[in-house]
Amino acid sequence: MKDLYEKFAYDYDRFGSIDEYLGDEKSFFEKLFHEHNVHGVLDCACGTGQHLLMLSDAGFEVEGSDYSEAMLRVAEKNLRSRGKTLPLCRCDFRYLERRHTKKFDAVICLTTALPHLHTDEDLICALTSMRKRLNGGGLLVLTQGTTPYTLSLPSIETVVNRNDFSRVFVKEHDERFQTIHVLDLFHSPERNESNQYDIVYRILLDDDYRRLLTEAGFSDIRIYGDYAMSEYTKDSRRLIAVARYAKESEV
Ligand SMILES: C[S@@+](CC[C@H](N)C(=O)[O-])C[C@H]1O[C@@H](n2cnc3c(N)ncnc32)[C@H](O)[C@@H]1O
């Protein structure tokens, strides 16, 4: 599998200030995790470690893994700059058991990470591997920005526009896949260059999540449309799937 973030990793966090970007996610996770008595959390696509920092600051015991060596390197640097060292390792989330022996109260896989897999076979393999890292009664949380509403938006979106840097998304999709061409434009005397990264996502909507999560052995599947836990509708800007791995005594 190719590391799509090998170069992108080092500029990935230019989306904006971390606290701004994660504000409403923090209260969502705190509420959900306190309701379900969650302590130990594995972020299995931890990227640059922003959710690890957020959840660690909120008092959860967190570990991270990711397929991309470069993203992990940036995560380690981000953690270090905030005075934290947390367990991190390189691992494909289809095969978590190869690097993780522990079980967790929650596994998270956020910001359209799962749809990097394109076949049902791989998706079920990954979801099953995530389930196997959960204690009975544990939660899996998946988030993405892809919804019928966001798919209907204009195909060119300026995501960041600052004096020295702009990030533009150029999006295209068919029935099954969405490609996001990320165009990073640096326009200052210190750095004048442009970089393009192309990420292809499988389009997974609510019914796909219900089907795949059920096949992978999850129950109590809930789909929300935002971090305030509003009901998911065709106008939602976000899709948040929360599923539970039933305790043996409940089966
Ligand atoms: C869009 S980024 C999201 C990163 C982070 N979750 C966030 O919210 O900022 C997707 C991440 O998924 C990771 N990823 C993609 N496929 C993976 C796989 N099979 N196993 C583990 N990580 C994977 C990528 O390396 C990347 O860090």
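Colleague: What makes Tyr67 a polar contact of the ligand in this predicted model?

Modeller: A polar backbone atom of Tyr67 is 3.1 Å from a nitrogen atom of the ligand. The cut-off for a pair of N or O atoms is 3.5 Å, so the pair counts as a polar contact. The model is predicted, not experimental.

Colleague: Which part of Phe93 makes a contact of this kind, backbone or side chain?

Modeller: The backbone: one of its N or O atoms lies 2.8 Å from a nitrogen atom of the ligand. With His51 the side chain takes part, and an N or O atom there is 3.5 Å from an oxygen atom of the ligand.

Colleague: How much of the ligand does the protein cover?

Modeller: On its own the ligand has 590 Å² of accessible area, and the protein covers 97% of that. The ligand is surrounded by 19 residues, with Ala45, Asp66, Asp92, Phe93 and Thr111 the closest. This shell divides into 12 nonpolar, 5 polar and 2 charged residues.

Colleague: Why do S1 and S4 count as paired strands?

Modeller: Strand S1 (residues 40–43) and strand S4 (residues 104–109) are joined by 3 bridges and run parallel. Pairing takes at least two bridges, so they qualify. Leu42 stands opposite Val107 in S4.

Colleague: What is the strand order of the sheet, and which strands are its edges?

Modeller: The order is S3-S2-S1-S4-S5-S11-S10, an open sheet of 7 strands with mixed pairing. Strand S3 (88–90) and strand S10 (219–224) are the edges, since each pairs on one side only. Neighbouring strands are turned by 15° against each other on average, direction ignored.

Notes
Residues are numbered from 1 along each chain as its sequence is written. This is a predicted model: local features need pLDDT of at least 70, side-chain atom pairs count only at pLDDT 80 or more; totals for chains, interfaces and linings use all residues. Side-chain values use heavy atoms; hydrogens and water are left out. Helices (H or I, at least four residues) and strands (E, at least two) are DSSP runs, numbered from the N terminus. Axes are lines fitted to C-alpha atoms, for helices over the stretch in contact, and angles run from 0 to 180 degrees between N-to-C directions. A residue is near a molecule or strand if one of its heavy atoms lies within 4 Å of it. A polar contact is a pair of N or O atoms within 3.5 Å; within protein, one must be able to donate a hydrogen and the other to accept it, and residues adjacent in sequence count only if both atoms are side-chain atoms. Accessible areas come from the Shrake-Rupley method with a 1.4 Å probe; for residues, only the protein chains shown count as cover. Ala, Val, Leu, Ile, Met, Phe, Trp, Tyr, Cys and Pro count as nonpolar, Asp, Glu, Lys and Arg as charged, and the others, Gly among them, as polar.
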